[in-house]
Amino acid sequence: MYKKKMFIGCAAAAVLVAAIFMTCFSEERAGTEEIVTETGTEKIVPETAEEGSIEEEITEEEIAEEENAEEENTEEMGAVILGDYTGFTYSRSYTAPTEADVEDAAESALSETVIEYEETGTVADGDAVILSMTGTVDGEEVEGIAETDSEVIVGDGTYTEDLEAQLPGLTVGEAADLEVSFPDDYWQEDLAGKTAIITVTVTGRADAPELTDEWVQENTNYSTVAEFMEYLEASLMLQAEEEADSSAIYSLLEDLVSASSAKVTEDEIEAEYEERLPLYEEDAEYEEMEFADYLEYYYGMDEEAFREALYDEIEYELEYTKIVEAFIKAEGVDVSDETFAEYLETEAAIYGYESGDVLYEELETAGYGDSFRSVFHEYQAGKALMAISIEIEADEADDDEYMIEIGDGDGYTMETDEDGNYIIVIEAEDEKTETE
C-alpha cells in the first residue's frame, strides 16, 4: 500500500530579523519621507524645502548613495522587505458538528478508558480483549500478520470480517489456529485473495466500557451522559471555530509572504538541512528500510528529487518565518510570555487538558515546545493581520453541509472561573450552564 508522510514539522525558529527596509522615496511627492533601517528612522527632505529649514537639504546624489548603502546592508544582514499588506481579504466559516460527530467523540473518549482485564473466561462479541497472533500463508510466516498484546474491541472492525467472526468463543489463555480468508482487494498485497492460518492467543478479556452516567462520573467532571455530550458538542464547535480562524489566518499569512521578500543565505539553508535530513534517515532505519526504498515508499521520490524538495521546503520555511517575525516587529504584535500562557490555557481548555502547563509539558516532552511557540507567533501575527484586513462573505456551502458564519450568537463562549480556569459556557434559552 502506498503511504505518504508529510515533511517533518516546521523549521527551527529563525533569528529575529535585524531590520525592515521600506524605501518609499518619490521624486514627485512633496513632504517628508521615511526610510526604516537598523539604526532607526531617517527623514529625507525634498529639494523643495524652504530656505532656512533646520533640516539639511539632501541632494539627489546623496539620496542615491544612501539607497545603495541600504541595498548593501540588506544583502549583508539578510533583511526582510515587507510588501503592502493593506487591503487583504479573508473569509471564515465552518461546518457545525453533527450528531454523528459528537457520538464519534464520545467513542474516542471511551477508548481512552483504563480497562482491568481478567485472565480467565470466554470471549464474547463486544468484549475488550488483549491478544497476540502470528500467521502463515502456504506454510511461510507472514510478518504483516504478527501482533503482540494488542488491545481491541471484538467486532469493532479492527480486523477482517472473517477473523473477527471467529474470535467470539475463544478461551482466554489458550491458543487457537484460525483459517482466515483475505478479500481480493485487501490492502496488504501479500495477503490479498489468500488464505492464512492465524494462531491467536487471547491473554485477557473484560466487558467493554459503555457510555453511562456511572462511566461519566468516574472518568469526567460531569454527572450525566447528557451533560457530557453537551460538552463534547460545545468543544467540537469551538474546535471548528478555531480551525476556521486558523484557515483564514494562514491564508492571510501566505498573502503576506507572497507580497514580501526575505533574504535567506545558503549557510542558513545548509545548517537546517544538515539538522533535518538525519531525521528522515533515522525514520528509515526505524522502519528497517533502505533510505532509497523508504523515500520511494513514503514520498514517491528518488533520493535526488527528495533532497531537492527538502532543500526548497527549508528555504521557503526560513523565508516564511523571517517575514512573519518582521511583521510582528513592524506592527508591535504581542507575543509576550503572558500572552503565550493565555494561548496555552485556551488550547488546553478546547482539547481537554487540565491546564496550559500540562499541555506545554507534554509538547516539550515530545520535542514540539519550540514548534508550538512558533505556531503561537504565527497565530498572533495572523490575528493582527486579520484585524487590518477585509472580511468577505464565505462561499456558499455544498448542499450536504450546513455552514455557520463565525461571530456572536454561536451559543458557546470561553470564560474563566474564579480560579482562573478556562471554561466553555453554553448559552441555553432559559439558563446558562458552565462546563470545564
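Q: What does Arg-307 form a salt bridge with?
A: Glu-303. The closest N and O atoms are 2.7 Å apart. Keep in mind that this is a predicted model.

Q: How far apart are Arg-307 and Glu-303 in helix α8?
A: Four residues, so about one helical turn separates Arg-307 from Glu-303.

Q: Are those two buried or exposed?
A: In between. Arg-307 is partly exposed, at 27% relative accessible area. Glu-303 is partly exposed too, at 30%.

Q: How many salt bridges turn up in the whole structure?
A: The search finds 12.

Q: Which residue pairs with Lys-383 in a salt bridge?
A: Asp-245. Their closest N and O atoms are 3.8 Å apart. Asp-245 sits in helix α5 (residues 225-259) and Lys-383 in helix α11 (residues 369-387), so the pair ties together parts 138 residues apart in sequence.

Q: Is Asp-245 buried or exposed?
A: Asp-245 is buried, with 7% relative accessibility. Its partner Lys-383 is partly exposed, at 30%.

Q: Which residues are linked with Asp-245 and Lys-383 in a network?
A: Arg-92 and Glu-391. Salt bridges link the four residues.

Q: What about Arg-205, which residue does it bridge to?
A: Arg-205 forms a salt bridge with Asp-207. The closest N and O atoms are 3.0 Å apart. Arg-205 is buried, with a relative accessible area of 11%. Asp-207 is exposed, at 60%.

Q: Switching to strands. Which residue of β10 is the bridge partner of Val-129?
A: That same Arg-205.

Q: How many bridges join β6 to β10?
A: Nine, with the strands running antiparallel. β10 covers residues 195-206. Further along, Met-133 has Val-200 in β10 as its bridge partner.

Q: What does β9 do with β10?
A: β9 (residues 175-181) is joined to β10 by seven bridges, also antiparallel. Ala-176 has Val-200 in β10 as its bridge partner. Val-200 is the β10 partner of Met-133 as well.

Q: Which β9 side chains are buried?
A: Ala-176, Leu-178 and Val-180, which point to one face. Ala-175, Asp-177, Glu-179 and Ser-181 point to the other face and are not buried. The side chains alternate along the strand.

Q: Back to β6. Why is it largely enclosed by the rest of the structure?
A: Eight of its 10 residues are buried, so the rest of the structure largely encloses the strand. β6 spans residues 128-137.

Q: How does β6 pair with β8?
A: Antiparallel, over five bridges. β8 covers residues 147-153. Ile-130 stands opposite Glu-151 in β8.

Q: And with β7, how many bridges?
A: Two, antiparallel again. β7 is residues 140-141. Thr-136 has Glu-141 in β7 as its bridge partner.

Q: What lies between β6 and β7?
A: Two residues, in a hairpin. Asp-138 in the turn has a positive phi of about 55°.

Q: What is the phi of Asp-149?
A: Near 55°, a positive value in a residue other than glycine. Asp-149 is in strand β8. It is partly exposed, with a relative accessible area of 49%.

Q: What about phi of Glu-288?
A: Also near 55°, and again positive in a residue other than glycine. Glu-288 lies in the loop between α6 (266-286) and α7.

Q: Buried or exposed, that Glu-288?
A: Exposed, at 73% relative accessible area.

Q: Last topic, surface charge. Which residues gather in the negative patch?
A: Glu-290, Asp-293, Glu-296, Asp-302, Glu-304, Glu-308 and Asp-312.

Q: Which elements give two or more residues to the patch?
A: α7 (291-299) and α8 (303-331).

Q: Which gives the largest share?
A: α8, with three residues. Glu-308 is in helix α8.

Definitions and conventions: Residues numbered from 1 in each chain as written. Predicted model: local features only at pLDDT ≥ 70, side-chain atom pairs only at ≥ 80, totals over all residues. Heavy atoms only, no water. Patch = residues over 30% accessible without salt bridge, like charges linked within 9 Å, V, L, I, M, F, W, Y side chains within 5 Å. Areas by Shrake-Rupley, 256 points an atom, 1.4 Å probe, with all protein chains shown as cover. Salt bridge = Lys/Arg side-chain N within 4 Å of Asp/Glu carboxyl O. Lys, Arg positive; Asp, Glu negative; His and termini not counted. Charge placed at Lys NZ, Arg CZ, Asp CG, Glu CD. Buried < 20%, exposed > 50% of the residue type's maximum accessible area, 1.4 Å probe, protein only. Pairing = 2+ DSSP bridges.
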